[in-house]
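Please walk me through this structure in connected paragraphs, beginning with how one helix sits against its sheet and then widening the view.

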Amino acid sequence: MSATGAVRTLKIDGRDCSARPQATILEVARENKIFIPRLCQLEGLSTVGACRLCLVEVKGSNKLLPACTTTVDEGMEITTSSEELASYRRMIVELLFTEGNHICSVCVSNGHCELQTMAQRLGVTHIHLPYRYPKKQVDASHERFVLDHNRCVLCTRCVRVCDEIEGAHTWDLMGRGIDSKVITDLNQPWGSSESCTSCGKCVQVCPTGALFEKGRSVAEMEKRRQFLPYLTLMRGERT
Amino acid sequence: MTPEELEDIAQRERETQREFPQRVNVCVAAGCLSCQSDAVKEALVKEAASRGLGDQCQVKGVGCMGLCSEGPLVSISTGHLYQHVSARDAGAILDSLQGSLVEQLLCPTDTPFFQRQKKIVLENSGTIDPERIEEYIACQGYHALVKALTEMTPQQVIAEITTSGLRGRGGAGYPTGLKWSTVAKAVGTQKFVICNADEGDPGAFMDRSVLESDPHRVLEGMLIAAYAVGASQGYIYVRAEYPLAIARLKTAIRQAERLGLLGANICGTGFNLHIELRLGAGAFVCGEETALIASIEGRRGTPRPRPPYPAMEGLVGQPTLINNVETYANVPPILRNGGAWYAQIGTEQSKGTKVFALAGRVRNTGLVEVPMGISLREMVFEIGGGIPDGKEFKAVQTGGPSGGCLPRETLDMPVEYESLARAGSIMGSGGMIVMDETSCMVDVAKYFMDFCMTESCGKCIPCRVGTYQMHRILSAITDMSAAAQDLKLLEELCDLVKHTSLCGLGQSAPNPVLSTLKYFLEEYQAHVHEHKCPAGACGVKMLEKVDA
């Protein structure tokens, strides 16, 4: 292993890549235009390794490793796509579809949804598992935004952007396992939240139609995320 | 505290003990307490006082004696053990100290249950009063700590642990010496030691018993570990469902602090360690080390990807040593007797002894400590006394909800980390549940999957939704409503959840299903294809439903 500060050289899908030390596999792959699917990770936010879609094979490791949190090492050999990985990824996306109530045809995010795009890209054509059809609520108490739990994939981007970028920490999680859900304040209606600044960052980072702006109809909710790289860049320069 | 002062306390305590020609020990650990052993103790004390035996006969509460199924247990100074004792028997027991024994209460101790055990972790359980530090000191307690502080360097302590071959007793079996040396080498502004006492496996109670019966042993192990790795702050993360263990730990911490064995400038050597308790709120996943750390930090108890391991970045980002209760409890005897002594016990790759909570369909249920490498057959049929009511043995489940069910064919396999893993189970923390022919293995798998589904933290998708889907299929099979392709789907889900989940909970959640699919596939097929349950367990349940 080379000294800290030196450039790391590694192979991703047989291609030679160089990387900064401490860079993650996902960052290096993106710089080299190698696609690795992910739903919870978003550039500018902390990583949690929760969606498991970015799992990759690393030579010498008997476990699959999440590309978003695994930092590169000198001489690493990484495989980002294989038949096994593809089947795992398809199944994970399938699980998400069975967990909530994802009805694309009536969704504000139809056509602009990361879950939908991911399913198309990974070739999920059928859902082999039975749907759960849970009874979930919609919180439309906020004057500008709506939270629809039916479409939430629990990526926690909203929780992280509110805490790390806006600094309000309005969002959090409650419940465990399959009953987990995102909440505002201490599970109060969003509209009555005293910590929410109504900045709307949560809405823009949400990968699906779980968070959307009021007044949007089917397929009209396109997320605008340009602020995030801009804000993180500004903060990076300030420190 | 110098070695001389410590020896002084030990001497005084031994003399005090000798002043009593007669002794009666009553188990006051949770198992016997739950069948009113406190009333037994009270009655004995009262009876002894009314006979004017106060200065001749000592009645004291002690920790677990192991055979929990026969409680309340009382041992007397003639070396005999009484079982199923009630307060009414107080007079007869006191009579028996000099006269003839109370035959109907006598518990035979020449059985394999007692004879096959080798007690290292439990050496003081059932003999000392867990609420008096002097009794622990009289049994060589804190001698290993003083020896380490005054005669050994931290490197020598770690070398001794490495020589012993001790492996983590929480389940994964990581070499303890290696873990300690990683933390010792790690750089940080402050280092921490944490004791994981968040024992949550259904049917497992090893850690609770150690904490209730001999809490100072765990403190001493943590102190030695902290000295070895250079930590100055310690936490014991114990589940709130263990009120007795918590109370005894609090007492133990206070006593050790008063004697200068814990706190600042320990034994005048300049070594500091403060230990605080943190109570878990009942989440199984908080036994996972990164979730446990998050919980101590006051955050939601969910795991995070490793690396970085806690040894490098743990509590508040600082190097942190996390070990299980039983691992720490092994440390003092290793330092007292040397690593080589410990390494003689057990097998090539699994050294020492392991405490198991033997439960389920066996005659003797309770807590046993056996050398590693003992066979499952010896565990079930000799120590456990076999299956009651003339039933046939079917399977033994090791390692809690993350473990597997092992059938008759594996009975001669030695109990050690590697062989259990090869057979599709794990050592786990030491739960061992025996099942007979009346248990339906699909139903068992469903039970454990229900546990994992409920205890999933919900962070990663495979565990959150995968355990739900697996549980749904298993429920369908036991309801006789599953289709043939459901078995294939179940296998696919097992594979996915095992290989893609974030933490150990998810990665091991399919184990009960995978092991029963491997060894008891015909039971699954009978449910699916013939709509019947060979064990009769699932059918009975359906009848009950009809009746209701």
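Helix α13 (residues 289-296) of chain B lies across β5 (192-197), β6 (233-239), β8 and β9 of chain B, and runs at about 105° to β6(B); here axes are lines fitted to C-alpha atoms, for helices over the stretch in contact, and angles run from 0 to 180 degrees between N-to-C directions. Helices (H or I, at least four residues) and strands (E, at least two) are DSSP runs, numbered from the N terminus. This is a predicted model, in which local features need pLDDT of at least 70 and side-chain atom pairs count only at pLDDT 80 or more, while totals for chains, interfaces and linings use all residues. Residues are numbered from 1 along each chain as its sequence is written, and chains are lettered from A, with ligands numbered from 1, in the order in which they are written.

The sheet beneath this description is an open one of five strands in chain B, in the order β7-β8-β6-β5-β9, with mixed pairing, where two strands pair if DSSP finds at least two bridges between them. Because β7 (263-266) and β9 (320-324) of chain B stand at the edges with a single partner strand each, one side of each is left without a neighbour in the sheet. From one strand to the next, the twist averages 20°. At the β7 edge, β7(B) and strand β8 (residues 271-280) of chain B run antiparallel and are joined by two bridges, and B:Ile266 has B:Phe271 in β8(B) as its bridge partner.

Chain B as a whole is divided into domain 1 (20-109), domain 2 (140-343), domain 3 (353-436) and domain 4 (441-547), with bounds that come from an automatic or database domain assignment. The C-alpha centres of domain 2 and domain 3 of chain B lie 27 Å apart, and 15 residues of domain 2 of chain B are in contact with 16 residues of domain 3 of chain B, contact meaning that C-beta atoms, placed from the backbone, lie within 7 Å.

Chain B has 24 helices and 14 strands, and its C-alpha trace spans about 70 × 65 × 40 Å along its principal axes. Of the 548 residues in chain B, 57% are buried, that is, 20 or more other C-beta atoms, placed from the backbone, lie within 10 Å of their own.

Finally, the contact between the chains takes 24 residues from chain A and 23 residues from chain B. On the side of chain A that touches chain B, the largest share, seven residues, comes from helix α2 (residues 83-99) of chain A.

Technical notes: Two residues are in contact if their C-beta atoms, placed from the backbone, lie within 7 Å. A residue is buried if 20 or more other C-beta atoms lie within 10 Å of its own, exposed if 12 or fewer, and partly exposed in between; C-beta atoms are placed from the backbone.
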